[in-house]
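Please open the model in a viewer and keep the sequence panel in view. The stops below are arranged as selections to be made in turn.

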Amino acid sequence: MPARTALSSSTTQIFIASAPLQGICAVTIEVTTHGHHAVWKPLPLVNHVTDLLATEDFVVKRGISTMTPGFRTMHQKLRVLSLRSKLFVILILLSLVPALTVGFMSQLFIVRSSTHYTAAISSQLLRYMSSEINNYLSGVNETLNTVLIDSEFQKFLSVPRDNVPAQAGYSITFRPLLQLLIQSKKEILSVLYVDRLGKVYSESQKVHVQVEYPFQQDPVYGQVFDMTKEGLIAPHPLRYSIFSSSQQVVTFVKPVIDLRKQSIYAWILIEIDAAWLEKLMDQTKLGPSGQVLLFNTRSGEMFQFGEPTALLYPLRDELKGRSLDAEPFNFTLEGKSYQIITNPISMGDWSLIGVAPLDEVNKGVRQARLLTSVIALISFIVALLVAYPFTGIVLRPLYRLMTGMQLLGRGKSVPIEYTVQDEIGFLIKTYNKMLDDLDIMRQEVIQTKVSEKEKELLQLQAQINPHFLFNTLETIESYSLHNNGEAVSDMLQCVSRMMRYNVRKDGGRAPLAEEIKYTEDFLHIHYYRYSQRVRTVFSIEPELLEMPIMKLSIQPFVENALKYGWSPLTHPDGSDDFEIQISVRAAGREVLFRVSDNGRGIADDVFEVLSQLMNGDGQEAASSPFFQQHTGIQNVYRRFTLAHGEQFTMKLYRNAHAGRGTTVEIRLPRG
């Protein structure tokens, strides 16, 4: 069977992974191989008859059409329509296109002119409001600058918190300036001074401050201690007030620079009644239901006076991803459109956000849209009465073919019944033949994948560590030289059972009881080699003994436990407390295998390589020089992966409970 055959006509090329089909190739099939795995995938239907396919506007590259699915479906339907059906389509286009074009163009002009006018008025109002706020804050800032450069105030900065007399003496000089500021601006409720030494100074006739209030732990006032430039804090409760803690205020923050140390040492907080800002924002109305909001460009915080509306949070999320220096834009929520205008406030990271509903504009658009729809509907009804009754009969077999192709895309091959001998009948007949060929190819690919998988499993199963066999033969020779026939006979029986277990043709699987017996024979030979018996504890649930598992899936981990955790030189007298625990138990729909020892443990570099293999990075781990000489665990991991895929997990961790040693844990699906 050729791996890739090309059927071509004019500029159309269709690649198929078998011998060429006769007649029309209705589906392209491409079979690729990745290592030992063959993959088949059905590709879109391609008509190979030149009189039904205009090859100049339909190109297939490497078996995949470059046309979009929607356009491809429309393209195929137009080709199989009769002359009467094509005339029906042309009639619909001639009746609908002019009406729709006029309607949509008129809507576009209405929306564009109205939104531009609304944006101009709204932007002017926002600039006015922003200018009022900026002028107000600039006046406050200039007054505070006079206080900050006062020599007595600079001395006040370094006075300790507990030196109240010195604080009172220095505050005499700058206190009149703060009082004048409060008297000139009635909306200022309080002027508060805080610094890093913990001093708190307040000037107010309306607010009584809790001197011991934890300003740095307060979620609102705590941000003051990180501010390095003038800024605003959105409306919030005046929590540190003794009698009016629910009073809403807007805080203007002025960092204080210690002129001697040239560092920010303290902050002055101007507490402005939030009602002043609310009144200013209410005076600037953007239509009957327009709103003005505050938005912090740095933190993404948004504030609205009164009860939050449904628009607040979606608009905040939209503004986070936009540049507020851009032109006004439209925002739609729950079918309602709004025009959004922005204008920054010079001090701080706040901007004014104007929200102007476009209800009136949309009303005119809806009227135009209704008129357009009525005209289009009348044209469509006329077209239906003239030509539509004749299209159903012509399109019916094509609908069957389309349904069959959709089922094929979902993996179901359903032949289509059609007996009329015309162009459509010829196409359906060829499609049905293609389904038969596709089923044959699919079975061939699946059988190839299964055969290759079984072959690799058997190859991995047949790999035996030759060093173990050589060492065993040397041990047998040693015992024979000492005329210990009983030991020689015992070892030969163990080796015989192990070799027979390994090479017998059973598909690479055996009952768990036989795998345990294989491991016991291995430990028995180990005893003769070193004249020291390794204490081994088996904990196997009886109902699992007949469960078939991969052969040689436990012994490699026991061998590794002996290699890295046990040494014959540790206790020559045999008093070593080394122990291997092997347990197999059911865990729901899984079976849990665990091999654990309390030995000296695996070296860090070996532990890292094995962990990398078991964490799923098998390709990179396999390239490690370690696995060029130590193939046992990699062999087991590869065989389990081939047999169970993602349903299998293997974990390696140090035996923290015993303080030393290593544990390998394997989870397999049960059954």
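The tour moves from strands to helices and then to the nonpolar cores.

This is a predicted model, in which local features need pLDDT of at least 70 and side-chain atom pairs count only at pLDDT 80 or more, while totals for chains, interfaces and linings use all residues. Residues are numbered from 1 along each chain as its sequence is written, and side-chain values use heavy atoms, with hydrogens and water left out.

**Stop 1: strand β11**

Select residues 263-273, strand β11. Strands (E, at least two residues) and helices (H or I, at least four) are DSSP runs, numbered from the N terminus. Eight of the eleven residues of β11 are buried; buried means under 20% relative accessible area, exposed over 50%, and partly exposed in between, with a 1.4 Å probe and protein chains only. Add strand β10 (residues 248-258), which pairs with β11 in the antiparallel sense over ten bridges; two strands pair if DSSP finds at least two bridges between them. Within this pairing, Thr251 has Glu271 in β11 as its bridge partner. Four residues separate β10 and β11 in a hairpin, and Gln262 in the turn has a positive phi of about 55 degrees. Next, add strand β7 (residues 188-195), joined to β11 by seven bridges, also antiparallel. Here Val191 stands opposite Ile270 in β11.

**Stop 2: an open sheet and its helix**

Select the five strands ordered β13-β12-β16-β15-β14, an open sheet with antiparallel pairing. Which strands are at the edges? They are β13 (302-303) and β14 (329-333), each pairing on one side only. Inside the sheet, six bridges connect β12 (residues 291-296) with β16 (residues 350-357), and Asn296 faces Trp350 in β16. Now show helix α6 (residues 312-320), which packs on the sheet and touches β12, β13, β14, β15 (336-344) and β16; contact means heavy atoms within 4.5 Å. The direction of α6 makes about 140 degrees with that of β14.

**Stop 3: Ser151**

Select Ser151 in helix α3 (residues 151-157). Ser151 counts as partly exposed because its relative accessibility is 45%. Its C-alpha atom is separated by 9.1 Å from that of Thr173, 22 residues apart along the chain.

**Stop 4: helices α11 and α12**

Select α11 (residues 485-503), whose axis comes within 10 Å of that of α12 and crosses it at roughly 145 degrees. Axes are lines fitted to C-alpha atoms, for helices over the stretch in contact, and angles run from 0 to 180 degrees between N-to-C directions. Residues of α11 at the contact include Met491, Met498 and Tyr501, and those of α12 include Tyr518, Phe522 and Ile525.

**Stop 5: the cores and helix α13**

Select Ile580, Phe593, Met650 and Ile666, the residues with the most contacts inside the largest nonpolar core, which has 48 residues. Such a core is a set of buried Ala, Val, Leu, Ile, Met, Phe, Trp, Tyr and Cys residues joined through side-chain atoms within 4.5 Å. Its largest share, six residues, comes from helix α12 (residues 512-530). A second, separate core of 45 residues includes Leu137, Val250, Leu277 and Val292.

Return to Ile580, which touches Val558, Ala561 and Leu562, among others. These three are among the buried residues of α13. Finally, select the whole of helix α13 (residues 555-565): nine of its eleven residues are buried, so α13 is largely enclosed by the rest of the structure.

Conventions:
Lists of a residue's contacts leave out its neighbours within four places in sequence.
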